[in-house]
Amino acid sequence: GPLWERPLLEVRLGELHTWLSTCSFSPQGLLGAAQRAWSSYCAKYIHVKQGGPAGISMLLAGYCLLSYGWNYQHFKRHRWRKYH
């Protein structure tokens, strides 16, 4: 299909610059991209006929990593203060 309709994983490395130039970086375009990504994630891992715990566990693991990254400075200071 046309280059602008292809998902990122189907774009070749030489076509990446052209594909990025066709993307919309406006707030509406970014919101639409986030909605498409969420719906494709749900279609692949959550709304399946014989699903397992993989989709929910990946979502939970991503949340744990994200919250640890947000609180890293707090954990780092607490570690040094703990025994001194």
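Only 10% of the 84 residues of the protein count as buried, buried here meaning under 20% relative accessible area, exposed over 50%, and partly exposed in between, with a 1.4 Å probe and protein chains only. The model is a predicted one, so local features need pLDDT of at least 70 and side-chain atom pairs count only at pLDDT 80 or more, while totals for chains, interfaces and linings use all residues. Residues are numbered from 1 along each chain as its sequence is written, and side-chain values use heavy atoms, with hydrogens and water left out.

As for overall shape, the radius of gyration of the protein is 19 Å, whereas a compact globule of 84 residues would come in near 12 Å. That radius is taken over C-alpha atoms, and the globule rule is 2.2 Å times the number of residues to the power 0.38. Along its principal axes, the C-alpha trace spans about 60 × 35 × 25 Å. The accessible surface adds up to about 7700 Å², with 65% of it belonging to carbon and sulfur atoms; areas come from the Shrake-Rupley method with a 1.4 Å probe, and for residues only the protein chains shown count as cover.

The protein has 4 helices and 0 strands, running α-α-α-α from the N terminus on. Helices (H or I, at least four residues) and strands (E, at least two) are DSSP runs, numbered from the N terminus. UniProt, in an unreviewed entry, lists residues 54–72 as "transmembrane region"; its positions are given in the numbering used here, feature names are shortened, and annotations may be inferred rather than shown by experiment. In the model that span is 95% helix and 0% strand, and its end C-alpha atoms lie 26 Å apart.

Helix H2 covers residues 27–46 and includes Leu 30. Leu 30 is partly exposed, at 46% relative accessible area, and joins Leu 20 and Phe 25 in a nonpolar surface patch of about 310 Å². Patch residues have over 30% relative accessible area and no salt bridge, with nonpolar side chains (Val, Leu, Ile, Met, Phe, Trp, Tyr) joined within 5 Å and like charges within 9 Å. A salt bridge puts a side-chain nitrogen of Lys or Arg within 4 Å of a carboxyl oxygen of Asp or Glu.

Then there are the aromatics. Rings of Phe, Tyr and Trp (its six-membered ring) pair if their centres lie within 6.5 Å; planes under 30 degrees apart count as stacked, over 60 as edge-to-face and the rest as tilted. By this rule there are 3 aromatic pairs. One of them, Tyr 41 with Tyr 45, is tilted, at 5.4 Å centre to centre and 45 degrees between the planes. The two tyrosines sit 4 residues apart in helix H2, so about one helical turn separates them. Tyr 41 is buried at 16% relative accessible area, while Tyr 45 is partly exposed at 30%. Together with Trp 38, Tyr 41 and Tyr 45 make up one aromatic cluster.
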